[in-house]
Amino acid sequence: MAEIQIRNLKKHFADFVAVNDSSFTVRDGEFFVMLGPSGCGKTTTLRMIAGLEMPTSGQILLDGEDVTFNRGSERDIAFVFQLFALYPHMSVRRNISFPLRIQGLPRAEIRARTEDVARLLQITHLLDRGVGGLAAGDRQRVALGRAIVRRAKAFLMDEPLGALDAEFRDRMCEELRLLHNRIKATTVYVTHDQIEAMSMADRICIMNKGDVLQVGAPMEVYERPATKFVAGFIGSPSMNFLAARGKFAPGTREIRVNGATVAMPETREGLATEGAVLGARPEHIRIADEGPLRGRVFAVEYMGARQLVTVDTDAGRLRVRAPNTVRVDYGETVGLAFDPERIVVFNPDTDRAVRSTLFDGDAHG
Ligand SMILES: Nc1ncnc2c1ncn2[C@@H]1O[C@H](COP(=O)(O)OP(=O)(O)OP(=O)(O)O)[C@@H](O)[C@H]1O
Ligand SMILES: [Mg+2]
C-alpha cells in the first residue's frame with residue numbers, strides 16, 4: 001500500500017515541455033485515473049513515477065519518502081503494460097507465477113502466493129490447465145493474476161485495455177474495478193477514454209498539453225469543471241458552449257447571450273474581459289416556450305427514455321437531452337431554457353471557470 005506524491009514535476013525533451021509543473025497526490029488505496037488526449041504527457045508522468053524516466057525537476061514521494069532519484073527496481077511499483085498478453089505455451093500457474101520466478105523466490109513461496117491469487121480470482125480449478133483453451137473472461141483473470149502476484153506497493157497501468165474490443169474492454173474494466181475493491185492497492189491507471197475514466201476512477205486527473213488541469217472525483221470534474229477544456233473533454237455529447245457578453249462584478253446572477261438574458265449561479269468573482277463563454281450540459285437545457293433563447297430543430301435522435309435534440313440558434317448549435325415525453329419535430333422553432341444552477345461561465349482569456357455558488361463546497365477551492 002502506498003501514497004504517491006507528485007510535486008512540481010517537469011519533464012523536458014530538449015526544448016519540448018512534455019510535463020509542465022505537475023503536482024498531485026495519489027492517496028493510499030485509491031484507483032486514480034490519468035485522463036487526457038494523445039500526447040498530453042500521461043505516459044511520461046507514469047514513467048517518471050515508475051523510475052523509467054528521470055524528471056527534469058520536481059519530486060516524487062512514495063509514502064513520504066523521496067524516491068525521485070531511486071531506480072525503478074528500488075521503488076516496489078509494478079508497471080503493467082498489456083494486461084491481455086499471456087504466454088500461450090505456459091499453464092495458468094506458470095503464467096501467474098512468472099514474475100515471482102523472475103525474482104527467484106523460493107518454490108514454496110511461489111506456490112503459496114500463486115494459489116492465493118488464484119483463489120482471489122476464483123480460478124484455482126484452472127491452475128494446471130494451459131491458457132490456450134480458456135474462455136476470454138478466464139484469460140483476463142489470469143492476466144490480472146500475473147499483474148498482482150508481485151504484491152507491489154502500487155500499480156501503474158498504461159492503457160492496459162487499449163488492444164481489446166469494446167465488449168471485452170467493458171468486462172475487463174468491471175473485473176479490474178472489482179479486484180481493486182478487494183485488494184485496495186494504490187493504482188494509477190492511464191487512459192484517453194473519458195467513459196472508462198468516469199466509470200472506474202475514485203478520482204481523475206485531467207491533463208492537456210503537459211498541464212494538470214484538475215484532479216477530482218468523477219462527479220466533481222463533471223459538475224464543476226475547472227476549465228473549458230475539462231468541461232468539453234468529459235461528457236458525451238459534450239457540454240454546449242455559447243458566446244456571452246462578458247465583464248461583470250462578483251455577485252452577478254445573469255449574463256447576456258445574443259440579446260437574451262440567461263440566469264446563472266451567483267458569481268464569487270468578477271470578469272474583467274469582454275466576451276465570456278457560457279457552458280451548459282445537454283441535460284441542463286430544457287425545451288420550453290418561455291426559454292430565453294429560440295432556435296430551429298435541426299435533428300432529433302431517439303435514445304430510449306431520452307432524446308437528443310439538436311437546435312440551431314443565433315448563438316450557435318446546441319444539443320439538448322430531453323425526456324421522450326417532449327414532442328419536437330424537425331424544422332420546428334422551439335424555446336430553450338437553462339438550468340441556472342448548472343451553468344458554468346468561463347473566462348475566455350484563461351479558459352478557467354469563473355467561481356460561483358455552483359463551486360461552493362468544492363474541496364479544491
Ligand atoms: N523520449 C522522448 N523524446 C522526445 N519527445 C518525447 C519523448 N517521449 C515523449 N515525448 C513527447 O512528449 C509528449 C507527451 O508524450 P506522452 O507519451 O507522455 O503522451 P501520452 O499522453 O501518453 O499520449 P498517448 O495517449 O498518445 O499515449 C508527446 O508530444 C511526445 O511526442
Ligand atoms: Mg501514452
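The following legends describe close-up views of a predicted model.

Local features are reported at pLDDT of at least 70 and side-chain atom pairs at pLDDT 80 or more, whereas totals for chains, interfaces and linings use all residues. Residues are numbered from 1 along each chain as its sequence is written, with chains lettered from A and ligands numbered from 1 in the order in which they are written.

**View 1. The protein chain and its two assigned domains.** The chain has eight helices and 20 strands (DSSP runs of H or I, at least four residues, and of E, at least two, numbered from the N terminus). Its C-alpha trace spans about 75 × 45 × 35 Å along the principal axes. An automatic or database assignment gives domain 1 (4-223) and domain 2 (237-356), with C-alpha centres 39 Å apart. Of the 365 residues, 40% count as buried (20 or more other C-beta atoms, placed from the backbone, within 10 Å of the residue's own).

**View 2. The shell around ligand 1.** The surrounding residues are Phe13, Phe16, Ala18, Gly36, Ser38, Gly39, Cys40, Gly41, Lys42, Thr43, Thr44 and His192; a residue is near the ligand if its C-beta atom, placed from the backbone, lies within 6 Å of it. Strand S2 (16-26) and helix H1 (42-50) each supply at least two shell residues, and H1 gives the largest share, three. By class, four are nonpolar, seven polar and one charged, where Ala, Val, Leu, Ile, Met, Phe, Trp, Tyr, Cys and Pro count as nonpolar, Asp, Glu, Lys and Arg as charged, and the others, Gly among them, as polar.

**View 3. Helix H1 and the residue after it.** Buried positions in H1 are Lys42, Thr44, Thr45, Leu46, Met48 and Ile49. Gly51, just after H1, adopts a positive phi of about 85 degrees.

**View 4. The open sheet S2-S1-S4-S5.** Four strands pair antiparallel in this order, pairing being defined by at least two DSSP bridges. S2 and strand S5 (65-66) are the edge strands, each with a single partner, so one side of each has no neighbour in the sheet. Between strand S1 (residues 4-13) and strand S4 (residues 57-62) there are five bridges, and Arg7 stands opposite Gln59 in S4.

**View 5. Strand S11 and its partner S14.** In S11 (residues 240-243), Asn240 and Leu242 form the covered face, while Phe241 and Ala243 form the uncovered one. In a regular strand the side chains alternate between the two faces of the sheet. Four bridges link S11 to the antiparallel strand S14 (residues 277-280), where Val277 is the bridge partner of Ala243.

Notes:
A residue is buried if 20 or more other C-beta atoms lie within 10 Å of its own, exposed if 12 or fewer, and partly exposed in between; C-beta atoms are placed from the backbone.
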